[in-house]
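Open your viewer, switch to a cartoon view and get ready to click along. We will go stop by stop, with a selection to make at each one.

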Amino acid sequence: MFNNILVGYDGSAYSVRALKYARDLAQKYEAQITLVYAFYPLPTTMLGAPYAEQLHNHALAASQEIITEAKEKLKDVKKVTTELIEGP
């Protein structure tokens with residue numbers, strides 16, 4: 001019935017519930033889960049190049065931590081892919 005289940009995850013209580021539901025479906029139907037975390041690029045034009053890059057790298061690292069946290073909860077799912085999306 002399901003081949004690929006797309007889950008938007010941000011660490012909120014609702015996304016944790018959605019992830020659990022997706023995990024159960026993936027196990028039942030041997031489906032793949034695609035985890036997506038989207039973040040809005042921070043306004044860095046007034047900071048200058050070195051600070052803007054540092055802020056961007058921090059946001060990217062925080063995003064990666066959130067995806068890693070979600071992936072840990074899916075250890076028992078055979079196929080999990082992840083996407084970090086930056087932009088509006």
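How many of the eight residues of β2 are buried? Select residues 32-39, the strand called β2, and look: six of the eight are buried, and β2 is mostly covered. Keep in mind throughout the tour that this is a predicted model.

**Stop 1: the sheet**

Now add residues 4-8 for β1 and 80-86 for β3. Together with β2 they make an open sheet of three strands, in the order β1-β2-β3, with parallel pairing. β1 and β3 are the edge strands, and each of them pairs on one side only. On average, neighbouring strands of this sheet are turned by 20° against each other, ignoring direction.

Look at how the strands are joined. Five bridges link β1 and β2 in the parallel sense, and seven bridges join β2 to β3, which also run parallel. To find your place, try some facing residues: valine 7 stands opposite leucine 35 in β2, and glycine 8 stands opposite valine 36 in β2. On the β3 side, pick isoleucine 33, which stands opposite valine 80.

**Stop 2: the two faces of β1**

Show the side chains of residues 4-8, the strand β1. In a regular strand, side chains alternate between the two faces of the sheet. Here, Ile5 and Val7 point to one face and are buried. Asn4, Leu6 and Gly8 point to the other face and are not buried.

From β1, follow the chain through α1 to β2: this β-α-β crossover is right-handed.

**Stop 3: the helices on the sheet**

Select residues 13-29 to see helix α1, which packs on the sheet and touches β1 and β2. The direction of α1 makes about 170° with that of β1. Next, select residues 49-72 for helix α2, which lies across β2 and β3. Helix α2 runs at about 155° to β2.

**Stop 4: a turn of the backbone to notice**

Click on glutamate 30, in the loop between α1 and β2. Is glutamate 30 buried or exposed? Its relative accessibility is 66%, so glutamate 30 counts as exposed. Check the backbone too: most residues other than glycine have a negative phi. Glutamate 30 is not a glycine, yet its phi is positive, at about 50°.

**Stop 5: rings and a serine**

A search of the whole structure finds two aromatic pairs. For one of them, show tyrosine 37 and phenylalanine 39: their ring centres are 6.5 Å apart and their planes are at 20°, so this pair is stacked. The cut-off behind that word is an angle under 30 degrees between the planes. Both tyrosine 37 and phenylalanine 39 are buried.

Stay here and add serine 63, a residue of helix α2. Which residues does serine 63 touch, not counting those up to four places away in sequence? They are Tyr37, Phe39 and Leu84. Serine 63 has a relative accessible area of 2%, so it is buried.

**Stop 6: another residue of helix α2**

Move along to glutamate 69, which also lies in helix α2. Glutamate 69 is partly exposed, with a relative accessible area of 36%. Leaving aside neighbours within four places in sequence, glutamate 69 is in contact with Tyr9 and Gly11. If you have a distance tool, try it between the C-alpha atoms of glutamate 69 and isoleucine 33: these are separated by 15 Å, and the two residues are 36 apart along the chain.

**Stop 7: the salt bridges**

How many salt bridges does the structure hold? There are two. For one, select arginine 23 and aspartate 24, whose closest N and O atoms are 3.7 Å apart. Arginine 23 is partly exposed at 22% relative accessibility, and aspartate 24 is partly exposed too, with a relative accessible area of 41%.

For the other, select lysine 75 and glutamate 72, with the closest N and O atoms 3.1 Å apart. Lysine 75 has a relative accessible area of 64% and is exposed, whereas glutamate 72, at 45%, counts as partly exposed.

Terms used
Residues are numbered from 1 along each chain as its sequence is written. This is a predicted model: local features need pLDDT of at least 70, side-chain atom pairs count only at pLDDT 80 or more; totals for chains, interfaces and linings use all residues. Side-chain values use heavy atoms; hydrogens and water are left out. Two strands pair if DSSP finds at least two bridges between them. Helices (H or I, at least four residues) and strands (E, at least two) are DSSP runs, numbered from the N terminus. Axes are lines fitted to C-alpha atoms, for helices over the stretch in contact, and angles run from 0 to 180 degrees between N-to-C directions. Contact means heavy atoms within 4.5 Å. Rings of Phe, Tyr and Trp (its six-membered ring) pair if their centres lie within 6.5 Å; planes under 30 degrees apart count as stacked, over 60 as edge-to-face and the rest as tilted. Buried means under 20% relative accessible area, exposed over 50%, partly exposed in between (1.4 Å probe, protein chains only). A salt bridge is a side-chain nitrogen of Lys or Arg within 4 Å of a carboxyl oxygen of Asp or Glu. A crossover is right-handed if, with the strands pointing away from the viewer, the path from the first strand over the helix to the second runs clockwise.
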